[in-house]
Amino acid sequence: MSKTFYITTPIYYVNARPHIGHTYTTLACDAIARRQRMMGADTYFLTGTDEHGQKIQRAAEAAGKSPQKFTDEVSAEFRALWDRMGITYDDYIRTTSDRHKHGVQELWKRIRDNGYIYKGSYTGQYCVFDEMYVEVGPGEPCPECGRPTETVKEENYFFKLSAFAEPLLELYSQADFIRPETRRNEVIAFVRSGLRDLSISRSTFSWGIPVPDDPKHVIYVWLDALANYITALGYGASDASKFDKYWPADVHMIGKEIVRFHCVYWPAFLMAARLPLPKAIIAHGWLLFEESKMSKSRGNIVRTETILDVLGADALRYFLLREVVFGHDGSFSFDALVQRYNSDLANGLGNLASRTLAMITRYFKGEVPYPSQKAAHTGAEDLIAALAKHTISEFDELFQQYQFSRALEMAWALVAAVDKYIVENEPWALAEKQDEHSRARLATVLYTSAEALRIVTALAHPVIPEATAKIWTQLGLNDIGKVPLGDLRWGQLQLGTKLGKVEPVFPRADKSAIERMQKMEEQQRPVEPGTIEAPQIATEAQPAAAVAAANPGASQASAPLNKPAVSSSMTSDGKISIDDFAKIELRVAQVKVAERVKGADKLLRLEVDLGTETRQILAGIAEAYTPEALIGRKIVIVANLAPRKMRGLESNGMLLAASLEGGKPVLAGFLEDVPLGARLK
């Protein structure tokens, strides 16, 4: 009996039509699922759409449609795009389906019966765009998206989230549960800061799943949405065989902005229901368009269909998994896409396939030749074979660790090595000679090239399935999807195999491809009435930090943001005393983590090491420094500054930088080696 493997995408919120951010997550899951099937695993791949909530109800009303019709139309566009791309999902769940509604209500009842749901009331601010409760005062904007919040006062049911702090921290001690480590540290800090009970129902609108035995309430959209991972398997249904077979999930793949929902709320709900927990939650970064966040307000959202029409699905699939280091933010541009397509696919794999198979067709009547083991063997073939064996092993390990970019880089290093091998051995020159040695040498060179091509093609199939299937057929081989990757070895290409018809797989793209894609994006149709601005392209409409509701009857409003006090001893000419200056604690720190902050072009989130502790600091230096350039750099920070929140994130300190009026900031640093935590005097 083969092992099972269950992988999920987040279910995409139907507030806007699909774009390449949604595609990024989905094709990563598709590549993993395809590889698992080729490794012999009984694989189940789930995707779908999240269709409830106050935001959807209002958007439908603005469009003059019923919520059901509105969600039917947008959900259908997601599914049609996945089908066009050949995404191999096994199920497509919609939260408006009867099977999902029934399963969610069963989950609610199980949590309730276990004593973790109680009734109360909530007064505070709610962000409709992000579908979350926020700790701000009346009239203050949402700390996540900056949009106006609404004061909500309603009767609610609450989930005892506060009861799960210790079990969650114990769960996070498993290093592989949340990846990458940056996200894991973020979640641990959030839980350690204190969990408050969470409002899990709404009673002021109706577009949602009714609470069992109290239909005037609808279940909070996040409890509704997260449950899709088990309702799709038949949880709560009469036939729960799929649930018994595939749950718990091996991988929940998500965008980093919804980490806390999946790593705090979801496992807490499951613990309360006494159900098994997923094995791993993997968070990828955001996809930026030419270094800027994608949003409809900026007009720089990129539709997947544009790229499919010009270059095809494999070009996009390869680019996103090769170009972007998974788990980090990545950049997309049409120029970079075409450059990568031409260098790696057209001039790389495509050229290797065309030249190798064309020469076998011309010189050996389309049959894989017999390599010589003696006279025509120079040792170069041993080097190619050794590199191929190493590539198989390393590719497997890297793919298992979701290091897609490095895995593909290694496979294409084999492509480059074989290209060099062909150039150095000049098979076209050998073919002009008629002596036995030259003929044997020609056969050896072409067999070696074809066998390396076979291995790269098999390894790359989960990433670029359409092109590799064509190359596989040209090699005269059977269904590539059924190749047992776990048994992939050098020397398995059968001698005398009859090739198929040899045709170019990746025609080279010229500059007009860029111009066509840019023009198509400029001419894309306007946003439909009622459609809400799309979220950050990472995938979902939901934000990173939902804030739990207060206890029944308590206000959710938070204290004002901390502001630095003005010194009372400042002189009339603006100078301060030495005593005031002595109060400022300047310390040496080293940047360990740096990343962009969602929705803030100038803001970076840093994790800095002071020797005895690690702190999070937000700094407005994104226009002067890329995150990558800051890693490992020693800086100076104000260590005793009162913490403050920006964009929903707490900043504990301030870094020192200098700039001329109107110029970019330049970080203060050192020429000598200074120990971390050292105080500046």
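**Second largest pocket and three helix contacts**

The lining of the second largest pocket comprises 13 nonpolar, eleven polar and 13 charged residues. The model under discussion is predicted. The pocket is treated here together with three helix pairs: α5 with α10, α13 with α15, and α12 with α13.

**Second largest pocket**

- The second largest pocket holds about 890 Å³ of space.
- It is lined by 37 residues, of which V325, F326, G327, H328 and D329 are the closest to its centre.
- Two or more lining residues come from each of α6 (181–192), β14 (281–284), β16 (330–332), α15 (404–425), β17 (586–597) and α21 (627–630).
- Strand β17 supplies the largest share of the lining, namely five residues.

**Helices α13 and α15**

- Helix α15, which also contributes to the pocket lining, has an axis that comes within 10 Å of that of helix α13 (residues 334–364), and the two axes cross at roughly 45°.
- At this angle α13 is oblique to α15.
- The crossing of α13 and α15 is left-handed.
- On the α13 side, the contact is made by D344, L345, N347, G348, L349, N351, L352, R355, T356 and M359. On the α15 side, the residues are W412, V415, V418, D419, I422 and V423.
- By class, the contact of α13 with α15 has nine nonpolar, four polar and three charged residues.

**Helices α12 and α13**

- The axis of helix α12 (residues 313–323) comes within 10 Å of that of α13, with a crossing angle of roughly 95°.
- Helix α12 is therefore roughly perpendicular to α13.
- Helix α12 contributes D314, A315, L316, Y318, F319, R322 and E323 to the contact, and α13 contributes A336, L337, R340, Y341, D344 and L345.
- The contact of α12 with α13 contains eight nonpolar, no polar and five charged residues.
- D344 and L345 of α13 take part in the contact with α12 and also in the contact with α15.

**Helices α5 and α10**

- Helix α5 (residues 165–172) and helix α10 (residues 259–273) have axes that come within 10 Å and cross at roughly 110°.
- This angle makes α5 roughly perpendicular to α10.
- The crossing of α5 and α10 is right-handed.
- The contact involves P167, L168, L171 and Y172 of α5, together with C263, V264, P267, A268 and M271 of α10.
- The contact of α5 with α10 has nine nonpolar residues, with no polar and no charged residues.

Key: Residues numbered from 1 in each chain as written. Predicted model: local features only at pLDDT ≥ 70, side-chain atom pairs only at ≥ 80, totals over all residues. Heavy atoms only, no water. Axes fitted to C-alpha atoms, helices over the stretch in contact; angles between N-to-C directions. Helix = DSSP H or I, 4+ residues; strand = E, 2+ residues; numbered from the N terminus. Parallel < 35°, antiparallel > 145°, perpendicular 65-115°, else oblique. Left-handed = near helix turned anticlockwise from the far one by under 90°. Contact = heavy atoms within 4.5 Å. Nonpolar A, V, L, I, M, F, W, Y, C, P; charged D, E, K, R; others polar. 1 Å grid on protein atoms, 1.4 Å probe; cavity = no way out; pocket = protein on both sides within 12 Å on 5 of 7 lines; lining within 4 Å. Points joined across faces, edges and corners; volume = space filled by probe spheres on them.
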